[in-house]
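Subject: Structure for you to look at

Hello,

Here is the structure I said I would pass on. Please open it and keep it beside this message while you read.

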Protein chains: 2
Amino acid sequence: MDQKALFSLQYGVFVLGSHFEGRINACITNTCFQAASDPVRIAVSVMNSNLTCEMIKQSGSFALSVLDSRCTFETIKNFGYQSGRNVNKFADFPYVLDESGNPYLTNEICAVLSAKVVKTVDLGTHSLFIAEITDAKTLSQSSPITYIGYQKVIKPKLVVNTEKKIIGWRCKICGYVYEGAELPADFICPLCGHPASDFEPIYEQ
Amino acid sequence: MDQKALFSLQYGVFVLGSHFEGRINACITNTCFQAASDPVRIAVSVMNSNLTCEMIKQSGSFALSVLDSRCTFETIKNFGYQSGRNVNKFADFPYVLDESGNPYLTNEICAVLSAKVVKTVDLGTHSLFIAEITDAKTLSQSSPITYIGYQKVIKPKLVVNTEKKIIGWRCKICGYVYEGAELPADFICPLCGHPASDFEPIYEQ
């Protein structure tokens, strides 16, 4: 089986916001599609270990910001490469709360979908939320980015320090550590499913 | 609520093949994402009225052909604009059967995912299939198309005969009929959720 075939699926890239007990948070996800038309339902998949996933389970709602072509790597890094358990991800990013209290961005997004969860399916590493749309807004005419476009255009290329010895590689998405100097180019994180390009080197101290 | 905001979600375009009792069939879908990483799960949504949907419910398996940049409108029309109840969609299209007996294309696709359904969620108009990957192959290095790219580049623009009186509009995807000479540009098919650009005029006889 060639797991890289899965990388041919096209996705958008989204900032998924939720809230619980007075706190707000958001994470990056690339998995959202319209799953039914009458009534309208969307499906979103989120890693169970994410704080945002826990908040959606508690609040039963979320706001999905659709990132557009103005999106910078800073935005992806802020919402995707750190945990809301340690930082307030919205400290430097303008946002608005939707009617349910979920945060969505005001910059770099072309649309926002507010949704209420109607069913949750536990898939082990991830939860699949099926939700009804409670509000939907178009915010700009900029084109929504694709995940493949993000990988090619927005994401900086890896710079490796060749003077230091590499002893392992860390997945920037979930923290998984691969032990060894050379990470195979077709390596896929066993924890979160992200490719080798999402790993950073760990140097000998 | 601005339902057009839903069009900002990015999708691939796929030929979804299945089989039952010696017959094969396939339809076009744009809804597939990887929903979990360990074990790997994909989610696909299909209209309940489609023959392919019925076949997947019976056989419990499918093959998803990922259309790439070589895809022509003929392929979309063949698999998406007619029903396998009336025609053999594979009559003029080369295909291979996967290990479960599901057909996938050999041309115009960059990858194929074979999958076995582990859970089905009924969403009214559609069924959401959650499936495990049983086989995955990369078949070319061509780029997978996006649904927005298909709408802009591959799909021919509508040609309206201005000499005849238009009395209605028919959704080419599901057959829904809108009565009236002018279809609003932001109209969305109440049956299958497709936009005004998927409607064709009905002329007075």
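A good place to begin is strand β5 (residues 61-67) of chain A: seven of its seven residues are buried, so the strand is largely enclosed by the rest of the structure. Bear in mind throughout that this is a predicted model.

Which way do the residues of β5(A) point? Ser61(A), Ala63(A), Ser65(A) and Leu67(A) point one way, while Phe62(A), Leu64(A) and Val66(A) point the other way, and all are buried. The pattern follows a general rule: in a regular strand the side chains alternate between the two faces of the sheet.

The neighbours of β5(A) can be named too. Strand β1 (residues 14-20) of chain A runs antiparallel to β5(A) and is joined to it by four bridges. Within this pairing, Val15(A) has Ser65(A) as its bridge partner. Strand β8 (residues 109-122) of chain A also pairs with β5(A) in the antiparallel sense, over seven bridges. There, Leu67(A) is matched with Ile109(A).

Chain A as a whole

Chain A contains three helices and 12 strands. Its radius of gyration is 17 Å, close to the 17 Å that the globule rule gives for 205 residues, so chain A is as compact as a globular protein of that length. Along the principal axes, its C-alpha atoms fill a box of roughly 55 × 40 × 35 Å. Of the 205 residues, 44% count as buried. Among contacts in chain A with a separation of 6 or more, 64% are between residues 24 or more positions apart.

On confidence, chain A averages a pLDDT of 94, and 100% of its residues score at least 70. The model has an ipTM of 0.87 and a pTM of 0.88.

Two copies

How does chain B relate to chain A? A turn of 180° with a shift of 0.0 Å along the axis lays chain B on chain A, with an RMSD of 0.1 Å. The two copies are thus related as by a two-fold rotation axis. In chain B, the residue that comes closest to this axis is Tyr11(B), whose C-alpha is at 2.8 Å.

At the interface, 46 residues of chain B are in contact with 46 residues of chain A. On the side of chain B that touches chain A, at least two residues come from each of β3 (32-37), β4 (40-47), β8 (109-122) and β9 (126-138). The largest share, eight residues, is supplied by β9(B). Sorted by class, this side of chain B has 25 nonpolar, 14 polar and seven charged residues. Of the interface residues of chain B, 100% are also interface residues in chain A, so the copies meet through the same surface.

Two of the strands named above, β8(B) and β9(B), run antiparallel and are joined by 11 bridges. Lys119(B) stands opposite Ile130(B) of β9(B). The hairpin of β8(B) and β9(B) has three residues between the strands, and Gly124(B) in this hairpin takes a positive phi near 85°. β8(B) also pairs with β5 (residues 61-67) of chain B, in the antiparallel sense and over seven bridges. In that pairing, Val66(B) has Ala111(B) as its bridge partner.

Some details in the loops

Where is there a cis peptide bond in chain A? One joins Asp38(A) and Pro39(A), with omega about 0°. Pro39(A) lies in the loop between β3 (32-37) and β4 (40-47) of chain A. In chain B, the peptide bond from Asp38(B) to Pro39(B) is cis, with omega near 0°.

Two glutamates have a positive phi. For Glu108(A), phi is near 65°. This residue sits in the loop between β7 (103-105) and β8 of chain A, and it counts as buried because it has 21 C-beta neighbours inside 10 Å. Glu21(B) has a phi of about 50° and is found in the loop between β1 (14-20) and β2 (23-29) of chain B. With 7 other C-beta atoms within 10 Å, Glu21(B) is exposed.

Last, Ala181(A) lies in the loop between β11 (177-179) and β12 (199-203) of chain A. Is it buried or exposed? Ala181(A) has 12 C-beta neighbours inside 10 Å, so it counts as exposed. Leaving aside residues up to four places away in sequence, Ala181(A) touches Ile166(A) and Ile167(A).

Regards

Definitions and conventions. Residues are numbered from 1 along each chain as its sequence is written. Chains are lettered from A and ligands numbered from 1 in the order in which they are written. This is a predicted model: local features need pLDDT of at least 70, side-chain atom pairs count only at pLDDT 80 or more; totals for chains, interfaces and linings use all residues. Copies are superposed by least squares on the C-alpha atoms of residues with pLDDT of at least 70 in both. Two residues are in contact if their C-beta atoms, placed from the backbone, lie within 7 Å. pLDDT is the predictor's confidence in each residue, from 0 to 100. Ala, Val, Leu, Ile, Met, Phe, Trp, Tyr, Cys and Pro count as nonpolar, Asp, Glu, Lys and Arg as charged, and the others, Gly among them, as polar. The radius of gyration is taken over C-alpha atoms; the globule rule is 2.2 Å times the number of residues to the power 0.38. A residue is buried if 20 or more other C-beta atoms lie within 10 Å of its own, exposed if 12 or fewer, and partly exposed in between; C-beta atoms are placed from the backbone. Two strands pair if DSSP finds at least two bridges between them.
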